[in-house]
Amino acid sequence: MTRLDSSINGPLHAFNQGDEDAFKKIYSACWSKVFSDAYSRLKNKEDAENITQDVFITLWEQRGKQDIQNIPAFLYRLCKHKTLNYILKKRPALLAEHELEMSTDISPAYQLQFKEAGAIFNTKLKHLPPKQRSIFKLRYEENRSTVEIAQELGLSVKTVRNHLGRAIVTLRNILKLFLAVSTAVFI
């Protein structure tokens, strides 16, 4: 995990006043480190670039609204949040890897909350109808495409997508709990 250099806090006051030059200095100094952090979790250049861009847009939008005392720490937390949100929405198969990584560098309170949220998620998953649970696991635990799942189960692709959509709607609230846990701890 790449840590950002805390010396970039120099233009902090000017940035909080809305100074674009200060923002450009922060952007130039931190872009590659934020990108590396996002890339290390996502393993995809385009996704990491999008997350990085979003981090800096959010930073710019937050100028003067939050009392940012440490730019590197703020960017680090923001990147971590945006990456986790992205994984939950777009690439849940990476969640287990991300969970393992997060469990090594965060507080025990966070680890406990994350484990509790994980236990609730697994309980909800077990209570899905068997077909939905099976399709959800094939898609997000084994990372199979809907076409592959349809072929294996002898269903149409549309039926697989319908089951998957219903499972996601059912599990959506618990995924929000994951986000709430991470937000409460990191922000």
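The expected span of a helix is 1.5 Å times one less than its number of residues. Keep that in mind for helix H4 in this predicted model.

Helix H4 covers residues 71-90, which makes 20 residues, so at 1.5 Å a residue H4 should span 28 Å. Its end C-alpha atoms are indeed 28 Å apart, and that agrees. As for its surroundings, 14 of the 20 residues of H4 are buried, so H4 is largely enclosed by the rest of the structure. At the start of the helix, a side-chain oxygen of Asn 70 comes to within 3.1 Å of the backbone nitrogen of Ala 73.

Now for a partner. Helix H3, residues 45-62, packs with H4 at an angle of about 130°, and the two axes lie 9 Å apart. That angle makes H3 oblique to H4. The crossing of the pair is right-handed. On the H3 side the contact includes Ile 51, Val 55 and Leu 59, while H4 brings in, among them, Phe 74, Leu 78 and Tyr 86. Here's some helix background: an α-helix has 3.6 residues a turn, so residues three or four places apart point the same way.

Finally, take a look at two loop residues. Lys 43 has a positive phi although it is not a glycine, and Asn 143 has a positive phi without being a glycine either.

| Residue | Loop between | Phi | Relative accessible area |
|---|---|---|---|
| Lys 43 | H2 (20-42) and H3 | about 60° | 48%, partly exposed |
| Asn 143 | H7 (130-140) and H8 (146-153) | about 55° | 53%, exposed |

Methods:
Residues numbered from 1 in each chain as written. Predicted model: local features only at pLDDT ≥ 70, side-chain atom pairs only at ≥ 80, totals over all residues. Heavy atoms only, no water. Helix = DSSP H or I, 4+ residues; strand = E, 2+ residues; numbered from the N terminus. Buried < 20%, exposed > 50% of the residue type's maximum accessible area, 1.4 Å probe, protein only. Polar contact = N/O pair within 3.5 Å; in protein donor to acceptor, adjacent residues only side chain to side chain. Axes fitted to C-alpha atoms, helices over the stretch in contact; angles between N-to-C directions. Parallel < 35°, antiparallel > 145°, perpendicular 65-115°, else oblique. Left-handed = near helix turned anticlockwise from the far one by under 90°. Contact = heavy atoms within 4.5 Å.
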